[in-house]
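Dear colleague,

Please find below the structure that I am handing over to you. My findings follow directly after it.

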Amino acid sequence: MTDPILENLNQKQLQAVKTTEGYVRVIAGAGSGKTKALTSRFAYIVDRLGINSSNILCVTFTNKAAQEMKKRVKMLIGDTYDVSLITTYHGFCVRFLREEINKIQYPKNFIILDAEDQKTILREVFNELDINSKNLTFKQVLQFISKSKGTSDYLSYILANKSFEDEKTDNLSLKVFHKYLDKQKRNYALDFDDLIHFTVYILNTYNEVLVKWQENMHYIQVDEAQDSSDSQFELVEMLSHIHQNLFVVGDPDQTIYEWRGAKPEYLVDFDKMFPNCETIIMNQNYRSTPNILKVGNHIIKNNKIRVDKDMITEKPEGVEVVHFHGKNDFEESLWVASEIKQILKTEKANYSDITILYRANHISRNIEQSLIKENIPYTIFGGVKFFERKEIKDVLSLLRLIVTGDNISFLRMFNHPSRGLGKKFIERLSYLGREQNLSLLKTLEQNSTDKELAKKGAAEFLGLIAELKELAKTKSISDLVKEILERSGLTALYRK
């Protein structure tokens, strides 16, 4: 009788699944069944070794990958087990911080900032410093902030309740960074970089918290380990100290995030850090033809930071790989369009059989122009993420205002839809907020008779928030969202 967890695994995958104890490194080439091995191993540890699934941490880089792994694990062992610790690094850190952040005097309902929220803060900072996009762009500042948080001891500074107000510097980016940190602290708001930094800080500072989580993490699995940053690797390595069961899987030849701090060296040098570790090379490819692998193997041999391997496959040869080097973007995209027309003529193919992959969204423009020129219909996949869409962010901001009254949500919604509250209004409100050490919402509530603030639109906004707070006490979340859309005027605005 076959074991459903172990069937259809090749020899190397089986070895990866059954090697459950100690430090294990798996070098898994492209298309080698890495996710299959990871999920089968998780299921094996739970179902065969009898380990509680809530004692196994499996981290990956995207929500999509985490959801796929959860789905596969449930198919193998059923859905009665807790698989919430199959998650992203950010997902684990949010879970950790909701439980432990009060150690550093932050509330457990702290705000998590996305890119749009960060820009809301930066608009306020730019306004206060009287700078605009000619001096600095949001993109430049956000990159500077992310880099600074990865390389400076910013946390011990803000957690000591110091303010950057008195810091003297001629560096404009640094000035913006300091003001950004002050506003984050005032709102108890964490951006994505903070999630991992705060988690590592708490674990390093409070030994009883560290031991608690170390004891709980019997097994740790790390997906795409080649893309781990210093703080991400420090986190999983620290958590593995007591049980010493750390399983890392990845491929240094597929590192794509070095520009944002990924260190493939952690995977490449894993055997030096842990001399007793076992290394398994998964090099059988199930996705590609030998012709494609031949080209891939030839190119990746030139990579400097790698573990030597050659990918193999049992698939038939397939068609030859074609390489075209255009003199410029225009020539390249015209060649793509002409190739599509040729395929349709000779291969009896449909437009829907053909896919164009490109490295970054801005590249699509030239390709689109060439497709239009050649009268080739196309669809672009991708775009704005659901929770970053304007209408979704608007509703979420009003929900947050009801619960936390934070400045970020206030700045987004106080004049949306338009209530005639202009620049002078928000400048006066911000000034009083800083002077009285209050949130913008509280400042408006307590200074509504101030000459600059006594506006009809301001009174309407305060009335709306008061109404919604009352409704929130009795309404379900879905009914509350409907009320928010109607009473705020957002439904009418979107319809228009």
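The notes below take up the sheet, its central strands, the helices packed on it, two individual residues and the internal cavity.

Please bear in mind throughout that this is a predicted model.

The sheet

Six strands make up an open sheet, and their pairing is parallel. Read across, the order is β3-β2-β6-β7-β1-β8. At the edges are β3 (residues 86-88) and β8 (residues 278-282), each of which pairs on one side only. From one strand to the next, the twist averages 20°.

Strand β7 (residues 246-250) deserves a separate paragraph. Is this strand enclosed or open to the outside? Five of the five residues of β7 are buried, so the strand is largely enclosed by the rest of the structure. Both of its faces are covered: L246, V248 and G250 are buried on one side, and F247 and V249 are buried on the other.

The pairings of β7 can be given strand by strand. With β1, β7 pairs in the parallel sense over five bridges, and R25 has V248 of β7 as its bridge partner. With β6, β7 also runs parallel, and three bridges join the two; here I220 stands opposite L246.

Strand β1 (residues 23-28) also pairs with β8, again in the parallel sense and over five bridges. Within that pairing, I27 has I281 of β8 as its bridge partner. Helix α1 (residues 11-18) packs on the sheet and touches β1, β7 and β8. The direction of α1 makes about 150° with that of β8.
Helix α3 (residues 63-77) packs on the sheet as well, where it touches β2 (residues 56-60) and β3. The angle between the directions of α3 and β3 is about 175°.

Two residues

V73 is found in helix α3. Is V73 buried or exposed? With a relative accessible area of 1%, V73 falls under the 20% cut-off and is therefore buried. Leaving aside neighbours within four places in sequence, V73 is in contact with T39, F42, G78, V83 and I86. As a distance for reference, V73 and E208 are 135 residues apart in sequence and 32 Å apart in space, taken from C-alpha to C-alpha.

S229 lies in the loop between β6 (residues 219-222) and α11 (residues 230-239). Its relative accessibility is 14%, so S229 counts as buried, the limit being under 20%. Not counting residues up to four places away in sequence, S229 touches G261, A262, K263 and Y266.

The cavity

How many cavities of 30 Å³ or more does the model hold? The count comes to one. The space in the largest cavity is about 170 Å³. Its lining consists of 14 residues, and those closest to the centre are E124, E128, K183, R186 and R434.

Three helices, α5 (residues 115-129), α8 (residues 172-187) and α19 (residues 423-436), each supply at least two residues of this lining. Helix α8 gives the most, with five residues. By class, the lining of the largest cavity has eight charged, four polar and two nonpolar residues.

Yours sincerely

Conventions:
Residues numbered from 1 in each chain as written. Predicted model: local features only at pLDDT ≥ 70, side-chain atom pairs only at ≥ 80, totals over all residues. Heavy atoms only, no water. Pairing = 2+ DSSP bridges. Helix = DSSP H or I, 4+ residues; strand = E, 2+ residues; numbered from the N terminus. Axes fitted to C-alpha atoms, helices over the stretch in contact; angles between N-to-C directions. Contact = heavy atoms within 4.5 Å. 1 Å grid on protein atoms, 1.4 Å probe; cavity = no way out; pocket = protein on both sides within 12 Å on 5 of 7 lines; lining within 4 Å. Points joined across faces, edges and corners; volume = space filled by probe spheres on them. Nonpolar A, V, L, I, M, F, W, Y, C, P; charged D, E, K, R; others polar. Buried < 20%, exposed > 50% of the residue type's maximum accessible area, 1.4 Å probe, protein only.
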